[in-house]
Amino acid sequence: MGSQLVELLPFLRDRNPQVRQIALSNLLGQTPKDSPHRSIFFQGLQQGGLQKHKETDVIRDLKLLCRDQLVRIHAVAHDAFRALVNLSDSPLLVPFLTEPSFLVFLASYILNPDAILADLASMLLSNLTSSSSPCAALLSLEIPVIPMVSRTSQVSYYPTQSRSGTCSAPVPYPSTEPQQVPALPLLLEAFIQAASVDSSGDKSKRLRKGDLHFLSSVFANISTSPAGRFFFLTPRPSDVMKADSALEYPLSKIVALTEHQDTIRRGGVAATIKNCAFYTPAHQAILSPDATIVAVPPSSVVAPGVDALPYILLPLAGPEELDLEVESSVACIYSHLTTDFQDQEILPSALQFLPPTKKREADSVLRLVYVETLLLLCTTRWGRDYLRASGVYEIIRGAHMEETVDKVSEHIERLVQLIKGTEGSETAGDQVDAPSNMQQKDENTDDEDNRIEEV
């Protein structure tokens with residue numbers, strides 16, 4: 001059987017598209033993990049010593065078939081993407097799937113609103129960014145785009161390297177010269193657009209054909225590195241194609257999706273917020289409302305606050321009425337905060353009038369991520385004071401009463417200890433050392449179960 005499958009490999013580059021389709025459809029079943037003949041795709045890659053790995057014909061053919069130009073037979077490109085998604089869990093393929101030309105195609109294809117297989121391309125990019133080198137490559141990646149003005153779409157550009165049989169070029173083809181634009185801000189914008197549905201609920205009227213849910217995993221993977229967090233916490237033009245547009249933090253674009261109906265999308269967003277919270281100098285920008293202009297040290301560039309707290313708390317909030325009591329001890333914290341809490345309600349407005357049908361996040365893993373994010377935000381005095389003054393205790397008290405998972409309950413109890421604890425002179429500064437259970441994953445701690453890790 002294995003030798004027969006090997007004989008099919010040359011047919012992936014046959015000039016007859018139907019032959020390519022038949023060969024690929026028979027090979028696709030061997031690409032998932034633990035398939036008996038999966039090794040045929042890795043033959044020739046397992047070289048040792050200092051010799052550089054050389055791309056094999058089958059990998060090059062699969063990459064080319066993702067761009068198959070045949071319009072009528074979409075199955076070829078579909079199966080090629082699926083094959084690479086299945087195979088991309090192997091570190092052996094990462095260097096070949098993140099070489100510049102293919103990475104430019106992958107990002108460009110996802111960015112094209114007419115791309116039929118954009119979701120598969122997003123899954124492939126998500127798998128690749130689980131390694132550090134593709135994350136670094138994506139952070140610096142630029143793609144050629146042609147600015148466009150369209151009456152029927154809010155997408156104001158055409159990524160020239162996206163052209164394929166499953167993603168046709170616009171007609172008439174724009175005559176403007178392409179310009180190099182950073183890919184990651186465009187991917188972030190596409191992610192937001194893909195979540196938008198027409199007011200009638202008709203998905204056929206969406207800006208994009210793909211859901212792009214797996215881009216949230218890409219952002220989560222990128223934000224595990226300091227450079228990735230720097231991207232999300234550095235003010236950038238709100239419109240990538242207009243350098244003079246108002247500045248905003250990229251993180252602020254996605255925080256509102258913590259209650260999206262898709263688990264993958266909201267899970268990736270939750271992980272991105274949590275990873276950004278590891279950078280303590282950014283806590284004020286992450287928590288401050290958008291009416292407050294704030295910078296993230298050491299940068300002096302300012303932008304409206306991310307206002308992430310309501311979206312962290314909403315998944316933890318239920319339908320119960322809250323007994324809100326502002327303790328007198330809270331008054332003493334106003335003097336050293338830049339935000340005037342006395343002019344605000346105890347709870348963020350988004351949590352003040354929740355309907356009786358409001359449900360908490362059903363996924364216990366995500367509930368834990370939100371509680372861990374609040375714990376990370378408590379590692380600064382400013383953050384703890386802000387959480388106290390914003391009614392966080394009242395929300396998590398209700399969440400704790402309904403929690404059924406011990407690990408989540410334990411983390412809530414630690415959060416309560418930090419919020420309700422008495423501040424002494426030793427914590428009067430803007431920042432305190434994170435407790436041992438809040439260290440990042442590359443540090444050794446005694447209690448593995450209580451450690452907060454990047455996700």
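How much accessible surface does the protein have, and what share of it belongs to carbon and sulfur atoms? The accessible surface comes to about 21500 Å² (Shrake-Rupley method, 1.4 Å probe), and 51% of this surface belongs to carbon and sulfur atoms. The model is predicted, with local features needing pLDDT of at least 70 and side-chain atom pairs counting only at pLDDT 80 or more, while totals for chains, interfaces and linings use all residues. Residues are numbered from 1 along each chain as its sequence is written, and side-chain values use heavy atoms, without hydrogens and water.

The protein contains 18 helices and seven strands (DSSP runs, H or I of at least four residues and E of at least two, numbered from the N terminus). Of the 455 residues, 50% are buried (under 20% relative accessible area, 1.4 Å probe, protein chains only).

Nine aromatic pairs were found in the whole structure. Rings of Phe, Tyr and Trp (its six-membered ring) pair if their centres lie within 6.5 Å; planes under 30 degrees apart count as stacked, over 60 as edge-to-face and the rest as tilted. Phe231 and Phe232 form an edge-to-face pair, 5.0 Å centre to centre with 80 degrees between the planes; both residues are buried. Trp382 and Tyr386 are stacked, at 5.1 Å and 20 degrees. These two residues are also buried and lie four residues apart in helix H16 (residues 381-389), about one turn of the helix. Ring pairs further link Phe81, Phe102, Phe105 and Tyr109 into a cluster.
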